[in-house]
Structures are given as structure tokens and as C-alpha cells.
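Please read the following with the sequence and the model side by side. The paragraphs go from one part of the chain to another.

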Amino acid sequence: MFGLEALDLARIQFAFTISFHILFPAITIGLASYLAVLEGLWLKTHNDTYRDLYHFWSKIFAVNFGMGVVSGLVMAYQFGTNWSRFSDFAGAVTGPLLTYEVLTAFFLEAGFLGVMLFGWNKVGRGLHFFSTVMVAIGTLISTFWILASNSWMQTPQGFEIVNGQVIPTDWLAIIFNPSFPYRLMHMATAAFVATAFFVGSSAAWHLLRGKDNPAIRTMLSMAMWMALIVAPIQAVIGDFHGLNTLKHQPAKIAAIEGHWENKGDEATPLILFGWPDMKEEKTKFAVEIPYLGSLILTHSLDKQVPALKEFPPEDRPNSTIVFWSFRIMVGLGFLMIFTGLWSLWLRKRDSLYTSRPFLYLALWMGPSGLIAILAGWFTTEIGRQPWVVYGLMRTADASSNHSFMQMSITLIMFVVVYFALFGAGLGYMMRLVRKGPKISEGAETPDGGPGKQRTPARPLSAADDSADADHDTPSLTKEN
């Protein structure tokens, strides 16, 4: 069907599940740190606006965290079911790294998550704030181990191959492999930026509907400060990441640039737009800027960038896909920087909360961070092909021996179940966002905890007031 084989369906299935999964950890990472900042500001200033925002976003965090855990478990099983040969080859490296993630990050998050969500009137303010910070740190530790594992697959080192299996010889070299620092910073920063635009978009939606209060304004203000500061930093990190990729994965850079061959000693131009044709080995309809490719990728005006024709056809990534996925990511990045700068200009004119053109832009930029993350992962993973462990094991040699029919059935099941289950979860989360934070008036804070919260009957009820109710205080479900 459509010229696809069982291997292609296995790749599509993994791409589908990881694309769903990555959305939830990205928001979890950003929201966890956002909640820690909100509670810290409330403890310092005693401004109830920060507390109200904490209660509001903690509900969304709880739903998002649950969906991230469930979708992550499915991915872990796929290593054994669909990619058993990869697990047999590299499991001595990837297995312990994922185990370290569970033993450190997941246990840390799970241990303090209950106190964070349900400990309002059970523990003191300091302990509750400590729990929130521990959950935020746990999400970053999880990012550390996941990126260490994936980065090792991009730039493997610290091992030897014995009897067709990878045997670790230096764990520090494995963990801190050449691409790891850049990819860790790039992903963590992307999560913060994506969350900022998610928060800013929800604030813009409420302001456009005429719901204007201190909590909504604080949401937009904090989100735009984050965009203004962090989006340009992300661009700088991306530049360093690109230099690292050029050094260790030059074929990926050539595919990203749609650059097929060098001409004499000419500097490499930057192809802004075009259509890389893998069969004809050229980029059609190319719009080029002379010298700019060399300047961006080598920081010089005379050095050349390796071209795709310098690599055997079987070792070339699919330039058609990564050329455009990279440009989607970069294009959205520039839009984020522009949004941050515009917000600063409006802030100085005292019209940040009233400029409808800007609010519409902020609204539509809500999913931009998540789309950029997906585009970046497509660029990274498809650009690594045809290798599953770069230079060591090809993707074609990594898959399990499943039939086309088996992979077709499971892929269809995944699509149906994921859209039904996570579609419902996302819909419910959006209902919570549309409801908006509630401002408590004259509410007293008990001595025992940060807010007037009651212990819910079930863990997931930490996310529910319910979503359709309209209470004046951010209290959780009351026990009968």
C-alpha cells in the first residue's frame, strides 16, 4: 500500500506516538517551573494574584502531567515490540539511561506531586513551596536523561562493540556525548518558550473576550517577558547546536540546507526556499543568498559546507522533509522574537493589554512553540537517517521482524485510540483554559498552607473544580 513496507509503518508508528508524547512533557517542563515562580512570588509579595494563577495553572498541569506519563509508557514498550534488534544492540546503553530517569526524575516528581497538588491545608508554606520546586527540578532531570540517551544515538561514544552488541566503557563519555549539552539546552529552552506562548495565548483570548482582571494581565505580562528574553537566547543556542551538528553530522546539515554540491572554491549560498528533489539530486526553484550559508554555518565568508553529493546515496537523509521542517522551526522562532519585541514596544506605550492586533497575534501564536518543537524533532530524527545509532546501526537493521499486516493493524489502533483518548484530554484541558483563573476576594490564607484548598477525593480531581462551574474561589473539590 502506497509503496510502504513494514519498516516504514514501524517508523510512522513511532513518529506518531512520539509526536503526541512530546507535546505533554514540553508543557509539563514549562508549567512546573512557572508554578514554582508563581508560588515563590506569592510567598514574597503576598499578592493573591500569584496564588490565584497558581491554583488555575496547577489544574492544567495535573491533566497534562497525567497524559504525558501515559503516552510515555507506550513509547517505552515500542522499543521492545517494534525495535527489538535495536534494543539488543544498544540496550546496554539506552536501558540504564532510561532507568536512571525513572529512579531520579520520575520518583522525585511522583513523590512531591501529591504534596504539591493536595497539600494546601496539610503542610506549611515552606514545605509546599519546596515540593513545587522539587517537581520542577524533576521535570528538568527527566529531560536530562532522555536527551542523554537520544543524544548518544546521534553522537555515540564511550563504548566498544563485542559480539555485535554495544558495551559501555565510559559512562561519563556516554552521558556527556558531543551533542548532548547543546540538545539539552535547546530542548529545555524550547519548553519554556512553548509554555510562555501557551500561557500568553490563553491570556490574549480572555482579554479579547473582555475579561480583564489582574490575573489575566499578569499572565500576559509574564509570558511576554519570557518571550522577549528567552526566544533570542534560543536562537543563539540553535546557532551553537548547528555548528556542533556540522562537525559531527555533516550529511544532516547538507540535507537541511538542500545543498547538493560545491562549485570550485565558491562560498556556500543560503537557500531560503526551494524544493529538494532526492531523485534528480538538486533543489528546484531555489531562492539563494550568496555567501550567507557559509557565514551562518561556518562563521566565515569563504569556507564551504559539505554537500549531499559528497555522501553515498544510501547515507543521505531525506532533504525534502528536513529542509522544510527546519524552516518551519526557524520561521516560527523569528515570529516569537518579533512578538516579544512588539510586546516591549506596546508595554512602553501602555497598550499591551488593549492592542487588539497584538492580542490576536498572541492568540494565534499559542501553539507556535509546540509546532516548532515538533518541527525540530522531525529535523533531528529524520536528519539522522538512515542511522538509528549514527554510523553504527542502520534503521533497517533495528526493527523487529513484524509483517506488514501486523504493523498496519497496530498503527490504525494507535491512531484511533490516541485521537479518542488524548483528544478528550486536550479538549478538557482547553475547557479549563477557557474558564480562566478566578480571583479570590477577601479570602484568608490558613496558617497551615498556601491556600484555602481541600483535599480532593481522587488524584485527578486536582484538575477539576469542575470545568464548567463558576466559583469565586480556587478551592478544590470538597469532601462530603
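Glu280 and Lys284 are joined by a salt bridge, with 3.2 Å between the closest N and O atoms; a salt bridge here is a side-chain nitrogen of Lys or Arg within 4 Å of a carboxyl oxygen of Asp or Glu. This is a predicted model, in which local features need pLDDT of at least 70 and side-chain atom pairs count only at pLDDT 80 or more, while totals for chains, interfaces and linings use all residues. Residues are numbered from 1 along each chain as its sequence is written, and side-chain values use heavy atoms, with hydrogens and water left out.

Both partners of this salt bridge are partly exposed, Glu280 because its relative accessibility is 45% and Lys284 because its own is 25%. The cut-offs are under 20% relative accessible area for buried and over 50% for exposed, with partly exposed in between (1.4 Å probe, protein chains only). The pair belongs to a network of salt bridges that links Asp277, Glu280, Lys282 and Lys284.

The setting is a hairpin. Strand S3 (residues 270-277) pairs with strand S4 (residues 282-289) in the antiparallel sense, over six bridges. Helices (H or I, at least four residues) and strands (E, at least two) are DSSP runs, numbered from the N terminus, and two strands pair if DSSP finds at least two bridges between them. Four residues lie between S3 and S4, and in that turn Glu281 has a positive phi of about 55°. Lys284 in S4 has Trp275 opposite.

A second hairpin is made by S1 and S2, with two residues between them. Strand S1 (residues 159-162) and strand S2 (residues 165-168) are paired over four bridges, in the antiparallel sense. Val162 is placed opposite Gln165 in S2, and Asn163 in the turn has a positive phi of about 55°.

Where else do salt bridges occur? The whole structure has eleven of them. In one, Arg51 meets Asp48, and the closest N and O atoms are 3.8 Å apart. Both residues are in helix H2 (residues 48-81), and because they are three residues apart, about one helical turn separates them. An α-helix has 3.6 residues a turn, so residues three or four places apart point the same way. Arg51 is buried, at 4% relative accessibility, whereas Asp48 is partly exposed, at 27%.

Another salt bridge brings together the side chains of Arg327 and Glu257, at 4.0 Å from N to O. Arg327 is in helix H10 and Glu257 in helix H8 (residues 250-257), so this pair ties together parts that are 70 residues apart in sequence. Arg327 counts as buried because its relative accessibility is 15%, and Glu257 is buried with a relative accessible area of 8%.

After helix H10 (319-348) comes a loop that leads to helix H11 (356-364), and Ser355 is in this loop. Is Ser355 buried or exposed? Ser355 counts as buried, because its relative accessibility is 14%. Apart from neighbours within four places in sequence, Ser355 is in contact (heavy atoms within 4.5 Å) with Trp342 and Leu346.

Two helices can be checked for length. The expected span is 1.5 Å times one less than the number of residues. For the 40 residues of helix H1 (residues 6-45) this gives 58 Å, which agrees with the 59 Å between the end C-alpha atoms. His46, with a positive phi near 60°, follows H1. For the 17 residues of helix H12 (residues 368-384) the expected span is 24 Å, and the end C-alpha atoms are 24 Å apart, which agrees. H12 is mostly covered, with 15 of its 17 residues buried.

Tyr390 is in the loop between strand S5 (387-389) and strand S6 (393-394). Leaving aside neighbours within four places in sequence, its contacts include Met153, Pro156, His248, Pro250 and Arg384. Tyr390 and Arg356 are 34 residues apart along the chain, and 48 Å separates their C-alpha atoms.

On the surface, Val70, Ile412, Val416, Val417 and Leu421 make up a nonpolar patch with about 450 Å² of accessible area together. Helix H13 (residues 404-435) gives the most to this patch, with four residues. Patch residues have over 30% relative accessible area and no salt bridge, and nonpolar side chains (Val, Leu, Ile, Met, Phe, Trp, Tyr) are joined within 5 Å, like charges within 9 Å. Areas come from the Shrake-Rupley method with a 1.4 Å probe; for residues, only the protein chains shown count as cover. Leu421, in helix H13, is partly exposed, with a relative accessible area of 47%.
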